[in-house]
Amino acid sequence: MRLKTKLVLAITGMVFLIAGLLSLVYVSHLVDAAIQQSYDSNRMIANQVRFALQNALETGLEGQTVDPNNTAQLRELVAAAIHDSASLRATLDSANMYSATEYDVNIVDTQSRILLSTFPDNEGKVLPWRPNYGALLAADPITKMREIYGPAKVFDIVVPQDRNGAPFLSVHVGVRTTLLQAVYEPSLKEATTLMAFAAGTALIAAFLLSNLALRPLEEISMQLDYWNPAPVESAPEGGELPKLDTAARVSTKIEQIGQRMRNVEEVFSALKENLDQILGNLQDGILLFTGDGRAVLVSEAAHRFLNIDGDNILGLQAREIFDRSTLLGRTLRESFDAGVNLVQEEILTETGRRIQASVDFIYDDRTRMGLGALVTLHDLESVEEIESELELSRRMAAIGRLTAGVGHEVKNPINAIVVHLELLKNKLGADQAPATRHLDVIDAEIHRLDRVVQTLVDFSRPVELRLREQDLRTVIGDVLALADEELSMRNVKLEGRMPANPLIVNVDADLLKQAAINVIQNGAQAMPNGGLLRVSLEEDRKMAVLRIADEGSGIPPEIREKIFDLYFTTKTGGSGIGLAMTYRILQLHHGSVDVQSKVGRGTEFSLRIPLAATEWGRRHLQPADVEETKGLET
């Protein structure tokens, strides 16, 4: 059913219902008024007849002697007086002139015998029982309507005529229900006509109102067609496209636009997630401002450059973000205030950090109006560190290729030398003691050379990682528990600090333990007279950072870049393999190793391991309680 048809039917039905209810109320009041009016007029007739009856009795019985104990004589005298009274009969005959609903008028005695009636044939007969008109007058509207429109009935209005305070005669006026119908039937027809007129008017009004109500929907439909042109649909074979009413068309178009909005929202969410991930991984700080100077895009690195905590930068003005108390903030603020581009300006901050800052204002090519600004912050020192790490990686790769080749070329000759040396020992026998001693020395040195070559082969050999997601606190806790007893024998106090929340990483626990032990042993060896070795684990954005700081003599700047080279060592009896192996293990886990050292004050190694996807908010683990480990201070 079309919406317009529904509106027409609904409005018509509502008006018809209201008109019907009002008409029923009107008819009910009309019936009440007709019954009351009929009662009043017929009651008046009954009183007039009773008054005429009283006069007839007084006139007819005047001068008559009546024995009080002779009731038969009294009835005859009364009947004669009533029949002989011309005025009483005239009053009965004129009853129809005063009431349109009066059916008959009867004068009856105490035996219900009719003495005088407007129907002469009924005289001398017993008046049949008839319901009292007062019951109809007091009935509810539904009962009144049922009595009037039911089978024809005669209701009685009774006025008694007493004699010495006792019932003597009574006047009965009959009211017929069919006569009541005839009285108010014209008014009922008028109400029905009015109701029909109201229904017709309602139909016309409903049609006009439906058009008026649907006009905004038509306009909305046109606007939706403008913003969302509907595709041309082909009709099915042997038929036509179904015609939709306005509401259905609007609903369909809104649903189509909603689906497009949901699709766009999904694409936008994916793009925003990718953009957040890209900005989170950027080392450069990026801030994008609108034309009125409000920040709408801020990379995570920008917080570090500006020393601002929290994510409440978005929506702030440039003057609220850039602090004039710092050199970097003052430079950027002056560029914004003057509206002048800043091109790769190198700034040395108060902390000695070298930052390259750029401010590019964006303009509309056609109107030359300002659309916004882009601020780029570049850490020059981090670039140099990355270049240094790349150079170190290249050197490590070259060393790996070299060791693989050396191991392959040297291993076979060494094996041949060992075999022939054993043959030579057997041929010389025990009699050649001096020569045998020299052969033993050669044998020991060859075995030492073989161990060195084997180390080279092992270092260059591909490592099979056994990765598993686990809490890094547990891994480092095992390392500290293992190293505590050995360090205490060297008079080195081990102090460990762990975070309260889990740090989930995807690592090979055995290799990571080996890397941490290598650094801890180096720190302990840097303090031959004992001291404090601090080991702390913390979270830095999407990385877990293991810091190992000693109180040794520090690393001189001239050899700092060589400490991760294979076989480079400054310690007597050192192999130069530990830190190189640590660096390689961290590379295998996509991590890094940073070194901060001051001569005479100590060295701090920072081992950075990426957190697993678990720790990025895809699922949350419950914080674990930190248990005290032997030899640790928490």
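**Why do we call it that? Terms and values in a predicted model**

Reader: Why does Leu-579 count as buried?

Author: Leu-579 has a relative accessibility of 11%. Buried means under 20% relative accessible area, exposed means over 50%, and partly exposed lies in between (1.4 Å probe, protein chains only). Since 11% is under the 20% limit, Leu-579 counts as buried.

Author: A word on the background, too. This is a predicted model, in which local features need pLDDT of at least 70 and side-chain atom pairs count only at pLDDT 80 or more, while totals for chains, interfaces and linings use all residues. Residues are numbered from 1 along each chain as its sequence is written, and side-chain values use heavy atoms, leaving out hydrogens and water.

Reader: Which residues is Leu-579 in contact with, leaving aside its neighbours within four places in sequence?

Author: They are Val-519, Asn-522, Ile-563, Phe-564 and Phe-605. Contact means heavy atoms within 4.5 Å. Asn-518 is 61 residues away along the chain, yet its C-alpha atom is separated from that of Leu-579 by 6.6 Å.

Reader: What makes something a helix here, and where does Leu-579 belong?

Author: Helices are DSSP runs of H or I with at least four residues, strands are runs of E with at least two, and both are numbered from the N terminus. Leu-579 is found in helix H16, residues 578-588. In the whole chain there are 16 helices and 16 strands.

Reader: Is Lys-144 buried or exposed, and how do you know?

Author: Lys-144 has a relative accessible area of 6%, so it is buried. Lys-144 sits in helix H6, residues 141-149. Beyond four places in sequence, Lys-144 touches Val-31, Asp-32, Ile-35, Leu-136, Leu-137 and Ala-139.

Reader: What about Asn-491 and His-590, buried or exposed?

Author: Asn-491 has 55% relative accessibility, so Asn-491 counts as exposed. His-590, at 68%, counts as exposed as well. Asn-491 lies in the loop between H14 and strand E11 (492-497), and His-590 in the loop between H16 and strand E15 (592-598). Neither is glycine, but phi is positive in each: about 65° for Asn-491 and near 60° for His-590.

Reader: Why are H14 and H15 called oblique to each other?

Author: Helix H14 (residues 472-489) and helix H15 (residues 509-525) pack at an angle of about 40°, with axes 10 Å apart. Axes are lines fitted to C-alpha atoms, for helices over the stretch in contact, and angles run from 0 to 180 degrees between N-to-C directions. Angles under 35 degrees count as roughly parallel, over 145 as roughly antiparallel, 65 to 115 as roughly perpendicular, and the rest as oblique. An angle of about 40° falls in the rest, so H14 and H15 are oblique.

Author: Among the residues making this contact are Leu-472 and Val-475 of H14 and Ala-509 and Leu-512 of H15. By class, the contact has 13 nonpolar, one polar and three charged residues. Nonpolar means Ala, Val, Leu, Ile, Met, Phe, Trp, Tyr, Cys and Pro; charged means Asp, Glu, Lys and Arg; the others, Gly among them, are polar.

Reader: How do you know that the span of H11 is close to the one expected?

Author: The expected span of a helix is 1.5 Å times one less than its number of residues. For the twelve residues of H11 (327-338), 16 Å is expected, and the helix reaches 17 Å from its first C-alpha to its last, which is close. After H11 comes Gly-339, with a positive phi near 70°.
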